[in-house]
Structure formats: structure tokens, C-alpha cells
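Student: I have a new protein model open and would like to learn how to read its features. Could you walk me through it?

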Amino acid sequence: MDMSDERDDVAFLTGSNSSESRLYSKRDLYERGHVAVCSHRQALCITVFVFSSILATAISIAFIRPWNTCDAVVEPHEEEPEYLTPIATNGEEFPWDDVRLPIFIRPISYDLELTPNLTTLEVRGIIKLIFQVTEETDYIVFHSKNISITSKTINEKLKVVKILEYPARDQLYLETDQPMRPGRTYSIRLKFEYILTQSLEGFYLSTYKDNEGNERRLATTHFEPTSARRAFPCFDEPQLKAKFLVTITHDRSLKSFFNMPIKEVSDVRGKKDQIRNEFYESAPMSSYLVAFVVCDFKLIKKRTKSNVTIRVIAPENKISQADFALDQAIKITENYERFFGIDYPLPKQDLIAIPDFAAGAMENWGLITYRETSLLFTPGVSSTKSKQWVATVIAHELAHQWFGNLVTMRWWNDLWLNEGFASWMEYQGVDEVQPDWNMKGQFWSTVVQPALEEDALQSSHPISVPVKDPRDIEGIFDIISYNKGSAIIRMLENFLGEHVLRFGLRLYLEKHKYGNAVTKDLWLALAQATNYTHDVEGMMNTWTLQMGYPLITFTKVANSTSWNISQSRFLYTGKIEGVNTSMPATRFNYTWIVPVKFYTDSGKQYQHLITPKDSNGYSVDLGEDVKWIKGNSDGYGYYRVQYPEQTWNSLIQEFITNHTKFSPSDRAQIIDDAFALSKAGELDYKIPLELSKYLKSERDLVPWTVALRHLADLKDLFGEGSQRSLILQYARKLLEDVYTSLGWEDKGSHNERLLRFLILRSAVDAKLEDATKTAANLYQQIKDGKNISSELQELVYCAGIENGTLQDWESTLAKYHTTQIPSERALLMKALTCTRDTLILQQYLHFTLDKSKVRSQDVRTVLINISSNPSGTALAWRHVRRYWERYYTSFGEGSFTIGLIIKGLTTSFSTQFDLEQVESFFKEKEVGAGKQALTQAVEMIKVNINFRDNYEEKIITWIQEFLL
Ligand SMILES: [Zn+2]
């Protein structure tokens, strides 16, 4: 799965975006928002038949007693009492006491018939679960959520003697009078019905407005990780793959889509307005990858060279925005078929734009669902940033068709196998079709840097985490699984070589296709690709089984030409007294096997493998007269680098004299290491500040992206007042030259456009006079009805709203409600948070409590953007505390959204007072899946407080001298 619609914003000093950029960089992109409406009641009525499939005609006997009523529907994720025997809904003991299903079940196929009615919102269904058992048993257990059974029928040979429901684990237990035996095929036939709600998970209702303003309805699905069981009873675990045969009956005016193409269309007897679509049976697949949509959308299509039909599907009034997506999907699919050496295995691929979608996109096999902003692109209206976003999300989801769908992780603890790989492949995929976008160069600033930031906290977690309970699964769709996962794959690729990695991946996919795999299987395939010359598993275990990463330190050995290379864990809190540094023990004791690459001013490249055995450091002779060393060449390694102060000073000199001696990734990484080491108390703050002087001549996107993040951080931490205005002056001085050289005219390469957006917005935020004036003029042009470049709209709207009147705000709000262009809608929604008027901000905060004003999927973006606006920080914090219960009810259930809200509102706090407020407010509060986010936020506030105590005065003094 992929990303919400938050782009990897990298603006600086913004009134409205800087915290968001840091926070959201990737974390939110991959967020698994699950929104609201846990209170819907599904009136489900089910009939069960159990029969041996050998007997073609089962004799049905009515089962009389209802064993559950619809009133007994249990709220999702209701706490189950610990250490107690599970009790079924009828008061009996529930005999299966494990959140996982029994291992002796082997589903073979499902036969599913659905009849959704978009007028009454009723869904009726019949499902046949066809399965085998691998050992003799007189019971089975399967999943279903909020389902009640009113009757059941059995055959004469095999009777169901008991059916029990245990809602806390979404499980049904079914017992037969005689044992089921291995070698035979059994099936259960269930009838059910429920009501569609706007829950954004399971089979749910979504709506949109057509050009005439009429509301149109559609029914769509989102199952990952554990919501297939809300749509139909099933064995809902990723390793229980089966084939799906689906038939959907619906209103003749609508269309239906499934993972596979339609096989047969037929009329429904006695119902002229109905139509019945039977789809081809799917390949064996995991239940979380099933999808179906019933809607009135239009489509465009094209074939790949290998004869796969690719279609992009969207509402009629938006289908004109689908051309770019279709073109990218064709090219990327063809490219992946070459890369993986395996053809895309299904006959078609659909990419469909869903108006309400919690994540950014979902890789359902052959029917990929997207947020509208992740799929639709309008030349001349959407920005370069939006274009790159769409291409990247498409590449990510298509990568999953092999990595995730064809070969699936055996269980969710290896989620990173799916997501780390897709996040790494998305850069390869886009790079191949858009070679001038410098995707591989952007990888460091968009993927690696945010992971290094988060993984430097004690409250981080390992890539491979034991998860057993479904409610914990949500929590691992995070920056560690995605960004760190892909960063270590890139490090491994660089270490083993591109061809070895690719060969190993092919071996892995070939061996496990249509099946499941664990992390170890991948390492084995890669070791095989090296002809067993490398212990891939031994090396990679140190990266996946423990959290954090090393600081690689270079020290000159006295009176010698040798240098010593050593490693230690890098932590933001390492030097803070009184912060508990005890961490879970690991068998590697927080040491790693690190491929260390570096070069010196002589131009010579070195590569050494630093292992935990080198406990006294690793010694390398670099010869005489080494002026400087640049560790971690091109930032391929997942670690930070420390040098002696003299080496830092030589590097600064070299940067100021001729920074292009270093690649853009190297420059970005040096900047980042210097600021991060200082923040952790490992390096004098003078070093990053002195280094930043070179930025006056920097003209590349990647180093600027990283530098502006750190400047924004300083600005945020220093709060309001004279210190903030000093930071702005400092920023203006650094930005002036690049601002002038880029100008406001929309021209140049893809990367130049991205850089221009970043620099202009930062210049406006830093109150560079020419920039604010130009932005104001352009805003006036918009008001006069003129068109301005799509690249400039976001920043011009924000600047206009910031300095504008209530009327400006209201007219922008009106446009936000009426535009049919998703990317425009998203930018207007953010621009509305830029106002300095606290009454308006207050009103906007209230809108987030009303779905008709702010869609559930967008609530967090509005809250966090308002909080990033200095005029809104205190308001947003007060508002969220006041309505905490309502947000928690809406988003709390196993959702990452609540954690994002906590972090977004508090991580920039930097005073003891703030810390106490946060701690005391949450002390008694239920935070659900936001628990880890809260721990991280509190840790970050402590780091901020420590930073201010130690450096604030020094930094201010330095800036004052710099500005003289
Ligand atoms: Zn994904």
C-alpha cells in the first residue's frame, strides 16, 4: 500500500508547511488512515452450510435458534480482557484461544456472489469457502467481522453441532459432529447481508458530485491489512492464499470491477433493471488483495507490448485527467516485466480513482485503488510536484504486483518486505521512464533522511517486528517499514552490485511465486546470487532485527598515517542527562555490519566492511597529508559520519571554495550529518552554521531540500519574537542569490522547477521583500481572473490568504468546495490554513468536525497545517484537547491518524511548560494506535528543550555576527 496524498513537502520557514514537511515527509505518505464510523451496525444474516464437496446435492435442514442477534454486534477492537478464557457471544467458552487461525486450514477457493444496492445501501451475499485440512479435526475457525448468523444448513453426513462467535478477534468457530479428514475438500456456504457505510474500510460507500452538482454514489473496497473479513467471511491471513471466483449483480446503469476481467454478463430473471457480471477466477492470492468497485465511472485503456490491457477509471468529469497515469502505467509495467524477468501474470490492470480513500493508494492485484490526487494530473493546472507524485505512486503500486502480490510476506511482521521493496522500486521505476527527473538523486532527501531522523530516537522500532494481534498491524505501516526498509535495500544494492541484486530478486520471485516468503528467503536468494561469497543474512540481520543505526567515526591515529574507523549507536538523546537510555537488549548489542565507503581529497575511493568484531576500531592507512575525508560516498550507507573537528573545518573550506567537488547527495548528507550531530550534542553548533554559508552558491534541489528542513527546524524551535526574526534574516541572506538566479518564470528542467517552487516559497516565508511583493501581485492577478503558472499557485494562494481579508478566505473556500480538479482542491485546502486571522482559523478548526466541510481523509492535514502556522499553533492544540474524545472516536481505532495528529501538533514544542502540558493531558487519555507516536513526540520535545538550553544563545550570537 502506499502513501496518503501528502507530498514530500520540503518548504522552509513556512507559516504553514514546515512542520508538516518534516513530519509528513514519508511518514504520512504511507499512512494508513482509518477513519471513523466504527459505530455502524451491519445487519448481517447468515446461513451456513457445511458439506463435503463430493456430495453434489446436500440435504438442507433448517437450523432454528439464532445464535447471535444483530444487536450483539461488537465495536471493532473492543478490548478483550487479558488472561481470561475467551467467551463467545452466547456466553459459552470460545474454544479457540489464539488471535491467529489454526495452522491446519488450507483454503482453496472462494465462490462469492454479491448484490450491492446503492439506493438502499443493502449488500446481499452468498459465499462458499472451499478448503482442506491437513490434520483430522472436528472444527475450523475463520474470520468475519460484525456478522450474525440466523440459520444454518448441513448435509446428512456432516453436521454442524456448534457455531460460536468471538467478536474481539473477529473469529467464528464451527464444530462438526464427525471429523474432517485430510485429502478431502470441504466447503461452507454462507448467506449474508449488511449495510454500506462510509467507513473507508471493508466494502464501503463513497460519494462524489457530478458537474451539475448532483451527488453520485459508488461502493468500493479497502482490505489491507484485516478488513476483507468485513466484506465477506474468509480466512483473512496473508499466507492463506486462495482463488476467488466473484459474481456481482447490480443496477444496470452501473459498472462493476474486480481483480479479474468480466467473463460473462447476464440478465437477472424478473429484474429488468439489474445486471449480473461474472468475473474470471483469480490466481491464488491473499484476501487483503481482493477488491471490487461498483460505480458509474468512465475509463480509458491501452495495451502493453506483452498484451496486458491497462485501464484508468475515473468519474466522467475527471476522466480527461487520466492520460498521464495511463501512459506512465504502460511504460512502467513494460519496464518491470524486463526488470523482474517475469511477465505481469494477470490479463488486465485497472487503476481507479476513489473520491474517499484513507491511504494514498492500494495495490489490489489487477484493480489498484488510488486517492484522486495520486492518480489524476492536469497539465497546466497541476504542478510538477503533483506530476512526480502521481508517477511515483503508480510505480510503487505496480512494483507490488510482483513484490507483495505474486510473492507475499508470510505474516505481517515481514511487512517491510512488501513496503521496503516497493518504496525502493518506485525510484527505479520512475527513473527508467523519466530519466531526466533525477529520481535516484532525490532518493536520499526524500527517503533516507527522514528515516535517519526518526530512527535516532530511543522510541524507534526494528524493521522486523513481532506482530500478532491485528490491532498492532496498523502501527507498522510507518516510516521504518517503508523508508528504512528501502534505504537498507539500496545500501545492499550498492554493496553487492546492481546486477547481483537484480539476479537475486529474480531467483526469489521465481522460487516463491504465487506463494509466501519470509525475510530470510530473500537473503538466501541474494546469497545464492553472489555464489555464496557473501553472508547476506548475517549482515542484514544487524539492520532488520534491531532498531537504530550507527555513527561511523573517523579518528586520526597519532604520529601515523593511519586512521581509525569505529562505530557506535547514534541517538538524539545520547548526551541528555536524566533521559533513560536503557533500550531493549539485542543480540547484536547495537552494533552493525557496515559497508563503509569513503574518499579523500586525493580523489581515492575506499571501501571496507566494518563489523562488530572491530571493537577497537578498524585501521586504514590513508597515506600522508589527508586534508579531508568524505565518509558514506553518495549517501548509499544507512548511517551518519563523524570526523575530527579539523576535518570538519577542511570540509567546510572545500564546500565554500568549490562545493561541486562533492555530489549533490554527498552535500545533502554532510549538511544533514552536521545539523543532526549538533542536535545530539556530538558536534559544536558552529560547524553546521559555518557550513551553511556555502548555500549562497548552492543550486541543486537535494542539498537545498535538506538544508531548508534544518533551517525550518531552527525557526520552529525558537518560536516567536526577535529570535525568530533573526533566523528569517539569516535565511534571507542564504536564499537571496539562488532566488535571484531562479526567478519567477516557469522554465527549465523538472528538477529546476521543483527547486524553484521550494526556493520561492521559502523566500516568501522568510519575507524576502521582492518575493512577498511578487507573490502579492500574482495573487491580485488571480483575483482579477487571470491564470498564473500551476507551479506558483500553491505558494501564491498561501501568501495571498496570509495577508488577505475575510473575503479572500471565503472566496477561496468556495473554490475549494466546487473545483473538480483534485490537486487544486488539495492546494486550496492547505492555502486556507495560511491566514493570520485567529477567528477564521478557529472556524476552520471546527470544520474538521464536520464531514461535509472537510473529508475524513483530510482532517489531519488541516489540523497539522493550522498548527504549523504560528498564529494557529496554540489554537490547534487547544482545539484538539477540547474535542479529543471526538477525534479519538473518529480515528482512534487502530489508526495511525491519531498518532499523526499527536505528533503534528506537539513535536515542535520546546519548553518545559509545553512538555508538562502534553504529559499531563495524555496521562489519563486513551491514545490507541497513537501510543508510539506519543512516546516519540515526548522524546522529541525533550531533545528540543535540551537543544535550546545548550545552544540557543550560541546560535543567536553566531547569527548576529554573520549578519553584521
Ligand atoms: Zn506499498
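Student: Let's start with a strand pair. Which residue stands opposite Lys-348 in S18?

Tutor: Look across the ladder from one strand to its partner: facing Lys-348 of S18 you find Thr-309. Since you are looking at a predicted model, we will come to confidence as well.

Student: In which sense do strand S17 and strand S18 pair, and over how many bridges?

Tutor: S17 covers residues 309-314 and S18 covers residues 348-354; the two are parallel, with five bridges.

Student: What is the order of strands in the open sheet of five?

Tutor: Read from one side to the other, the order is S16-S17-S18-S20-S19, and the pairing is mixed. The edge positions belong to S16 (298-303) and S19 (361-362); each has a single partner strand, so one side of each lacks a neighbour in the sheet.

Student: Which helix lies across S18, S19 and strand S20?

Tutor: That is H4, residues 384-400, which runs at about 150° to S20 (367-371).

Student: How do I read the open sheet of four strands?

Tutor: Use the same routine: order, then edges, then packing. Here the order is S27-S24-S23-S29, again with mixed pairing. S27 (618-621) and S29 (640-642) are at the edges with a single partner strand each, so each has one side without a neighbour in the sheet. From one strand to the next, the twist averages 25°. S23 (residues 550-556) and S29 run parallel, joined by three bridges, and Thr-553 faces Gln-642 of S29. Helix H13 (residues 664-679) packs on this sheet, where it touches S23 and S29, and its direction makes about 70° with that of S29.

Student: Now a pocket. What is the volume of the second largest pocket?

Tutor: About 780 Å³. Next, ask who lines the space: there are 33 lining residues, and the closest to the centre are Thr-207, Tyr-208, Lys-209, Arg-825 and Arg-855. Strand S9 (202-209), helix H20 (806-818) and helix H21 (822-831) each give two or more residues to the lining. H21 gives the most, with four.

Student: How many residues of that lining are nonpolar, polar or charged?

Tutor: Nine are nonpolar, eleven polar and 13 charged.

Student: Where does pLDDT stay under 50?

Tutor: Low pLDDT is a signal not to read the predicted coordinates in detail. The protein chain averages 87, and 89% of the residues score at least 70. Yet pLDDT stays under 50 over residues 5-48, which have 235 contacts beyond four places in sequence in the model. It also stays under 50 over residues 51-81, with 74 such contacts.

Notes. Residues numbered from 1 in each chain as written. Predicted model: local features only at pLDDT ≥ 70, side-chain atom pairs only at ≥ 80, totals over all residues. Heavy atoms only, no water. pLDDT = per-residue confidence, 0-100. Contact = heavy atoms within 4.5 Å. Pairing = 2+ DSSP bridges. Axes fitted to C-alpha atoms, helices over the stretch in contact; angles between N-to-C directions. 1 Å grid on protein atoms, 1.4 Å probe; cavity = no way out; pocket = protein on both sides within 12 Å on 5 of 7 lines; lining within 4 Å. Points joined across faces, edges and corners; volume = space filled by probe spheres on them. Nonpolar A, V, L, I, M, F, W, Y, C, P; charged D, E, K, R; others polar.
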